[in-house]
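Good morning, everyone, and thank you for making room for this. I would like to take you through one structure slowly, for those who have not met it before.

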Amino acid sequence: MKQYDVIIVGGGIHGAGVLQAAAAAGHSALLIERQGLASGTSSRSSKLIHGGLRYLESAQFALVRESLRERAIHLRIARELVELKPFFIPVYRDTRRRPWQLKVGLWVYALLGGFDSSTRFGSVPKREWSGLDGLDVNGLDAVIRYHDAQTDDALLTRAVVQSALSMDAELAMPANFSGATLCDDGVIVTYTQGPVTVQCAARVLVNAAGPWAPHVAAAIQPAIPIPDVDLVQGTHIVLPFAVNAGIYYVESPTDGRAVFVMPWYGATLIGTTETPYRGEPDKVQPLPEEEEYLLAVARHYFPAFRHLTREHITQRFAGLRVLPAANQAAFDRSRETIFSTDRELKPRVLGIYGGKLTGWRAAAAQVLDRISKSLPAGTRRAATDQLILRRPE
Ligand SMILES: Cc1cc2nc3c(=O)[nH]c(=O)nc-3n(C[C@H](O)[C@H](O)[C@H](O)COP(=O)(O)OP(=O)(O)OC[C@H]3O[C@@H](n4cnc5c(N)ncnc54)[C@H](O)[C@@H]3O)c2cc1C
């Protein structure tokens with residue numbers, strides 16, 4: 001039976017990150033992915049590598065600081081994949097957050113980002129409003145500009161896996177994890193590849209199966225603790241008209257929630273929603289009312305979009321956030337990553353629940369830290385904040 005230091009289930013951004021971090025630390029590692037890289041949540045995000053300006057309102061300062069640090073690292077190591085973009089927040093007479101409140105928030109954002117050049121912000125002068133993609137200027141009091149970064153989440157995931165494979169990590173895909181048995185100092189893992197059933201051993205199994213993580217955890221014997229999480233669906237739509245100047249960060253006219261209107265491969269991507277989800281993760285799909293909600297945003301802010309209906313939508317996709325179970329609205333819940341192990345000392349299983357695209361590298365570093373006592377000493381090949389990520393072919 002083949003033996004690895006680490007076996008990872010799930011080829012989303014977290015699985016990719018742990019594979020890379022394990023290989024960079026000199027460990028043997030195998031990633032098992034059922035469908036394709038980034039076929040789950042990691043191709044259905046808002047594609048932002050950002051500090052998360054709105055998390056300041058829920059006082060998640062540590063998360064914002066870490067995310068801004070990760071944004072800066074991406075802008076250095078993933079130049080072919082991550083781009084700093086202007087973000088515009090239009091403030092109308094009836095907008096909830098006033099310009100001074102936004103500027104206080106952006107000052108804190110800049111402080112947490114170390115006041116580097118990417119944290120500059122200010123108002124867009126009135127004479128430049130005509131360059132804002134036809135944004136409705138009726139009742140417009142101010143437009144605040146700051147900067148955050150955009151990526152292609154699926155390409156980023158593939159780039160991280162590519163980096164890991166170049167350091168001798170292995171990939172089984174398509175391959176379906178079907179179960180695992182814990183032993184004293186590791187775990188026996190079973191997966192299927194087509195008609196073939198494969199068994200291999202690992203010191204640690206990392207469950208990076210995103211919204212499927214509770215299913216993967218439930219297939220481990222003897223049973224391990226599974227954190228209590230909720231799934232919350234988020235939908236995006238693509239409209240066949242391009243916004244070019246940057247990313248618009250607006251309040252939904254329906255309920256005041258923050259929604260992004262973003263340039264996306266010559267078209268416009270709008271998202272997202274927050275709809276509690278109780279079904280099978282495989283079955284998630286955009287709901288008609290979510291599409292109407294997002295269309296209402298486009299119509300409200302861009303007069304040129306007023307004639308658009310659901311028939312104009314060229315692409316639609318829904319992903320699932322994994323959030324700590326609570327009665328609170330999804331919008332206000334912690335976005336910190338939850339790490340769950342089968343035991344405190346020398347864990348044999350570590351599950352990653354929730355988290356952010358932006359934080360994949362920091363999350364992977366934390367995983368390696370938490371499982372290091374279970375692993376043999378490896379000869380470190382590289383630090384992941386120095387590994388350049390190339391745009392995959
Ligand atoms: C609507 C939405 C918008 C978001 N926007 C942003 C954003 O703009 N910026 C940001 O930083 N974060 C954002 N996020 C968060 C971010 O997208 C997620 O945290 C991240 O993509 C989760 O990645 P993951 O690797 O944990 O899970 P996933 O990407 O879902 O990967 C899990 C993988 O496991 C595989 N799998 C499942 N079961 C098995 C099995 N039995 N065997 C083998 N493989 C299996 C699946 O096929 C899948 O590929 C957003 C999330 C959502 C839902």
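I will go from the domains to the ligand, then to two helix pairs, and finally to a few details of the backbone.

Please keep in mind throughout that what you have in front of you is a predicted model. The protein chain is divided into two domains, and neither is a single stretch of sequence: domain 1 is made of 2–42, 154–228 and 335–374, while domain 2 is made of 86–148 and 230–325. Taken over C-alpha atoms, the centres of domain 1 and domain 2 are separated by 33 Å. Where the two touch, domain 1 contributes nine residues and domain 2 contributes eight residues. The side of domain 1 that touches domain 2 consists, by class, of five nonpolar, three polar and one charged residues.

Where, then, does the ligand lie with respect to domain 1 and domain 2? Both domains give residues to the shell around the ligand, and so the ligand lies between them. There are 38 residues around the ligand, and those that come nearest are Gly10, Gly12, Gly40, Gly210 and Gly234. If we sort the shell by class, we find 13 nonpolar, 19 polar and six charged residues. Among the elements that each supply at least two residues of this shell are helix H1, strand S8, which covers 176–183, and strand S17, which covers 315–324.

Let me stay with helix H1, which also packs against other helices. In general, two packed helices are described by the angle between their axes and the distance between the axes. Helix H1, residues 13–24, and helix H7, residues 360–371, have axes that come within 8 Å and cross at roughly 55°, and H1 and H7 are therefore oblique to each other. Their crossing is right-handed. On the H1 side the contact is made by Ile13, His14, Gly17, Val18, Gln20, Ala21 and Ala22, and on the H7 side by Trp360, Arg361, Ala363, Ala364, Ala365, Val367 and Leu368. By class, this contact of H1 with H7 has ten nonpolar, three polar and one charged residues.

The second partner is helix H4, residues 153–165, which packs with H1 at an angle of about 20°, the axes being 8 Å apart. Are H1 and H4 roughly parallel or roughly antiparallel to each other? An angle under 35 degrees counts as roughly parallel, and H1 and H4 are therefore roughly parallel to each other. H1 passes H4 in a left-handed crossing. The residues in contact are Ile13, Ala16, Gly17, Leu19, Gln20 and Ala23 of H1, together with Asp153, Leu156, Thr157, Val160, Val161, Ser163 and Ala164 of H4. Sorted by class, the contact of H1 with H4 has eight nonpolar, four polar and one charged residues.

I will finish with the backbone. Most residues other than glycine have a negative phi, and most peptide bonds are trans. Met173 and Pro174, however, are joined by a cis peptide bond with omega about -5°, and Pro174 sits in the loop between strand S7, 170–172, and S8. Another cis peptide bond joins Gly271 and Thr272, with omega about 20°, and Thr272 is found in the loop between strand S15, 267–271, and strand S16, 275–277. Lastly, Ala38 has a positive phi of about 60° although it is not a glycine, and Ala38 lies in the loop between strand S2, 29–32, and strand S3, 48–49.

Methods. Residues are numbered from 1 along each chain as its sequence is written. This is a predicted model: local features need pLDDT of at least 70, side-chain atom pairs count only at pLDDT 80 or more; totals for chains, interfaces and linings use all residues. Axes are lines fitted to C-alpha atoms, for helices over the stretch in contact, and angles run from 0 to 180 degrees between N-to-C directions. Helices (H or I, at least four residues) and strands (E, at least two) are DSSP runs, numbered from the N terminus. Angles under 35 degrees count as roughly parallel, over 145 as roughly antiparallel, 65 to 115 as roughly perpendicular and the rest as oblique. A crossing is left-handed if the near helix is turned anticlockwise from the far one by less than a right angle, and right-handed if clockwise. Two residues are in contact if their C-beta atoms, placed from the backbone, lie within 7 Å. Ala, Val, Leu, Ile, Met, Phe, Trp, Tyr, Cys and Pro count as nonpolar, Asp, Glu, Lys and Arg as charged, and the others, Gly among them, as polar. A residue is near a molecule or strand if its C-beta atom, placed from the backbone, lies within 6 Å of it. Domain bounds come from an automatic or database domain assignment.
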